[in-house]
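Student: Got a minute to walk through this one with me? Let's pull it up.

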Amino acid sequence: MFKTIFFSLLTMYATSALAQSAQEIVAAADKLRNAEQPSRSTLTLTEYVSGQERSHSAFVLFSKEDSAGNFRNLLQYVEPPRDAGKRVLLDGRSFWFFDPASQSSVRISAQQRLVGQAAIGDVLTVNLAVDYSAILLSTESIDDAARQKRTCWHLELRAATETAVYNRVEYWVEQGTFRPVKGKFYSDSGRLLKIIYYRNYIERLGAVRPAESVIIDAVDSTLATIAVFNESRFQEVPDAWFQRDYLPRLQIR
Amino acid sequence: MRLAAFWFATLGLAGAAVAADEDKDLELIPKSGAAAPREEVASPISRGNQRVFLENALTFTTLRDNLLVPQPPPLPPSWDERLLADARLEYPLAPNAFVAYSGRLNFVLQDDLGFPNRGNVNNDLRELYASVEPSPRVYLDAGRINVKSGVALGFNPTDYFKTFAVIDPLTADPSVLRENRLGTLMLRTQRVGETGSISALYAPKVTDPSPVAEDPYRGFNPLFGRTNGTNRWLVKASQKLSEELSPEALMYHQGNQWMFGTNLTTSVGQSVVAYLEWSGGRQLGIIDAALAFGRETGTIPPLVPDVITQGGDEHFQSQVTVGVSYTTENKITFNLEYQYNQAGFSRSDWDRWFALGQGRPDSSPIVRQLWYIRSYANDVQEPLQRQGIFLRADWVDFIVPKLELTGFVLVDAQDGSALMQLEADYARTDLWTFGVLAGGTTGGRRSNFGSLPRSNSILFKVMRYF
């Protein structure tokens with residue numbers, strides 16, 4: 001009887017500790033992916049169809065963490081030429097798309113930021129620990145993008161806020177280094193939408209961080225995008241930048 | 001934490017089986033996209049806001065031949081070939097100042113224009129202005145500027161500078177019409193604060209207003225008569241009230257007319273955005289406003305009486321667009337809007353319009369006046385219908401990646417007639433885009449869109465970006 005009670009209490013405590021620690025693992029991985037200070041980077045996206053390079057785009061990204069730990073992002077396309085000058089503001093639940101051709105700003109939904117010219121929700125700085133609650137599923141040894149074996153925590157993340165882009169995420173984080181290795185992202189209906197590998201860890205924004213993400217379209221697996229961070233640097237980004245009326249004023253010289 | 005580590009270790013033993021299934025995903029990584037060398041590489045951002053492209057657009061149009069009220073010439077050409085050189089450029093003057101240019105050079109051939117002809121070449125000077133930021137986020141702008149307001153897609157009641165600004169549109173899609181419109185000569189100042197923004201602008205009268213009819217021989221005329229034919233000013237302010245709500249308020253003055261407006265948007269769940277745009281003020285109905293403008297510009301002789309009126313007096317009238325956008329997991333975005341223009345045609349206005357014009361020749365002064373009203377409404381970008389339903393769908397990556405399908409239908413809620421368009425654009429490469437656009441109108445002979453001369457049209461285009 002006492003044994004049963006003891007093990008029950010131990011299990012409860014351990015479960016609680018695990019839940020806390022799974023969240024801590026995700027938070028530690030977030031800190032590796034993203035700098036806590038405001039920054040500016042150039043992000044290039046190369047799209048592949050059946051392994052062949054199909055198109056190329058690039059944008060300048062300004063990121064800043066708010067007091068709640070969410071990232072506010074402001075970006076401007078510089079490539080391809082037809083999209084140059086288009087801007088996107090992603091701030092909490094407020095998303096705006098600005099087209100200099102029409103000088104108009106259009107509010108977009110969380111879903112719409114994942115399609116077309118605003119299809120950048122996957123690669124932008126986002127703190128998963130803020131938007132998702134995590135549990136530990138197991139420890140697994142998987143290959144990273146360079147086919148190196150990594151012993152990882154296999155975590156399951158469930159959307160905990162309305163700003164979460166995906167309903168559920170499977171996440172592999174390397175033990176010891178807290179480096180994110182891989183993520184699988186699911187829709188509300190449980191459909192696997194995207195697979196992301198994080199790779200090419202380099203010194204960037206004051207720490208060793210992944211400079212590349214390989215984003216595989218799980219719905220049409222012939223499609224893949226490689227996102228590369230370049231020219232990252234810390235930069236003061238005023239709060240005033242993160243509003244619709246600033247979009248037409250952004251200058252990226 | 002130690003206990004947690006113990007349990008991680010325990011779980012690790014339990015789940016020690018190598019996740020072989022996961023490694024299959026590696027086969028999906030493009031082989032040619034090998035990881036970059038372990039150092040950062042520079043990428044050019046010199047393009048900035050600039051965009052330059054060449055476009056060739058060939059349009060064929062079929063006309064109705066059984067109109068109850070015939071439209072006076074010139075009718076829309078049956079074919080129209082355009083080669084466009086379009087540029088949007090910025091030149092920095094200082095770290096806090098730049099000059100911006102936006103314009104389009106058109107080479108035009110039409111079935112009734114002839115070649116060579118001075119109407120074959122014309123230029124649209126959309127924008128040319130200087131901007132300076134004397135202190136952080138305080139801006140002063142001077143020159144020809146395209147000022148756009150509003151959050152709706154199909155009809156923007158608060159977009160006060162849309163009037164007479166659209167020239168030679170290649171599309172009927174109202175959300176795209178803003179792309180080749182003329183700016184207005186103005187002085188503008190704006191301050192962007194931490195949670196809001198306020199701007200004020202003054203656009204002086206620099207010449208007499210131009211008549212409605214488009215001049216095919218405009219050449220390099222900047223057409224200030226279309227944009228600066230009267231003194232205008234606008235003040236607008238927005239304030240963030242919550243993460244969801246940043247309403248915008250506008251106050252506009254033109255001649256002796258005051259207009260007030262507001263814009264509201266909010267997101268609803270993950271996939272829906274709702275929006276409301278309202279403008280109101282004392283104004284004439286669209287018929288009386290058109291005829292008054294016709295007399296002011298000399299298009300309608302002073303001694304010719306008005307054949308139709310909506311009372312001839314100003315009273316407070318509203319224009320409203322309320323709508324939602326919805327994006328599906330399949331990358332389709334729908335916009336559904338209800339549009340209301342109190343100054344538009346009532347059913348009885350339509351009845352009188354058709355009764356007055358029916359059976360008369362296109363040379364009749366009455367018919368000319370009736371069609372002038374419609375041309376005026378088109379030029380000031382105001383819906384003629386009092387109530388409209390607008391549905392637009394945009395499907396990104398339709399069937400194949402980079403093929404975008406866009407369609408819309410605008411229905412006159414009073415008579416059921418409709419304006420429709422379907423467009424497919426294929427970005428073959430980062431530099432080349434090919435497109436086809438088909439449009440048309442449907443409705444009875446006594447309906448808004450069914451009484452237009454343009455029945456169907458199809459446009460083929462190719463664009464090369466630089």
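Tutor: A term before we start: strands pair if DSSP finds at least two bridges between them. Keep in mind that this is a predicted model. With that, strand 12 and strand 13 of chain B form a hairpin, with 4 residues between them.

Student: Anything odd about phi at B:K331 in the turn?
Tutor: The phi of B:K331 is positive, about 70 degrees.

Student: How many bridges join strand 12 to strand 13 of chain B?
Tutor: 9, and the two strands run antiparallel. One partnership to look at is B:V324 with B:L336 of strand 13.

Student: And what happens between strand 13 and strand 14 of chain B?
Tutor: Strand 14, residues 387–395, pairs with strand 13 in the antiparallel sense over 9 bridges. There B:N335 has B:R392 as its bridge partner.

Student: Which side chains of strand 13 of chain B are buried?
Tutor: B:T333, B:N335, B:E337, B:Q339 and B:N341 are buried and point to one face. B:I332, B:F334, B:L336, B:Y338 and B:Y340 point to the other face and are not buried.

Student: Why the alternation?
Tutor: In a regular strand the side chains alternate between the two faces of the sheet.

Student: Switching to helix 5 of chain B. Which residues are buried?
Tutor: B:W350, B:W353 and B:G357. They sit on the same side of the helix, because they cover an arc of only 60 degrees around its axis.

Student: What covers the buried residues of helix 5 of chain B?
Tutor: The cover includes helix 6 of chain B, residues 365–379. On the face turned away from the buried side, helix 5 of chain B carries exposed B:R347, B:S348 and B:D351.

Student: What comes after helix 5 of chain B?
Tutor: B:G359 follows, with a positive phi near 80 degrees.

Student: How about pLDDT in chain B?
Tutor: The mean is 90, and 92% of the residues reach 70 or more. Residues 1–18 of chain B fall below 50, and that stretch has 20 contacts beyond near neighbours in sequence. Residues 37–42 of chain B are also below 50, with 13 such contacts. Where pLDDT is low, the predicted coordinates should not be read in detail.

Student: And ipTM and pTM, what are they?
Tutor: The model scores 0.88 on ipTM and 0.88 on pTM.

Student: Last one. How many residues of chain A are in contact with chain B?
Tutor: 78 residues of chain A, in contact with 72 residues of chain B. The chain A side divides into 33 nonpolar, 27 polar and 18 charged residues.

Conventions: Residues are numbered from 1 along each chain as its sequence is written. Chains are lettered from A and ligands numbered from 1 in the order in which they are written. Two residues are in contact if their C-beta atoms, placed from the backbone, lie within 7 Å. Ala, Val, Leu, Ile, Met, Phe, Trp, Tyr, Cys and Pro count as nonpolar, Asp, Glu, Lys and Arg as charged, and the others, Gly among them, as polar. pLDDT is the predictor's confidence in each residue, from 0 to 100. A residue is buried if 20 or more other C-beta atoms lie within 10 Å of its own, exposed if 12 or fewer, and partly exposed in between; C-beta atoms are placed from the backbone. The arc is that of the directions from the helix axis to the C-beta atoms.
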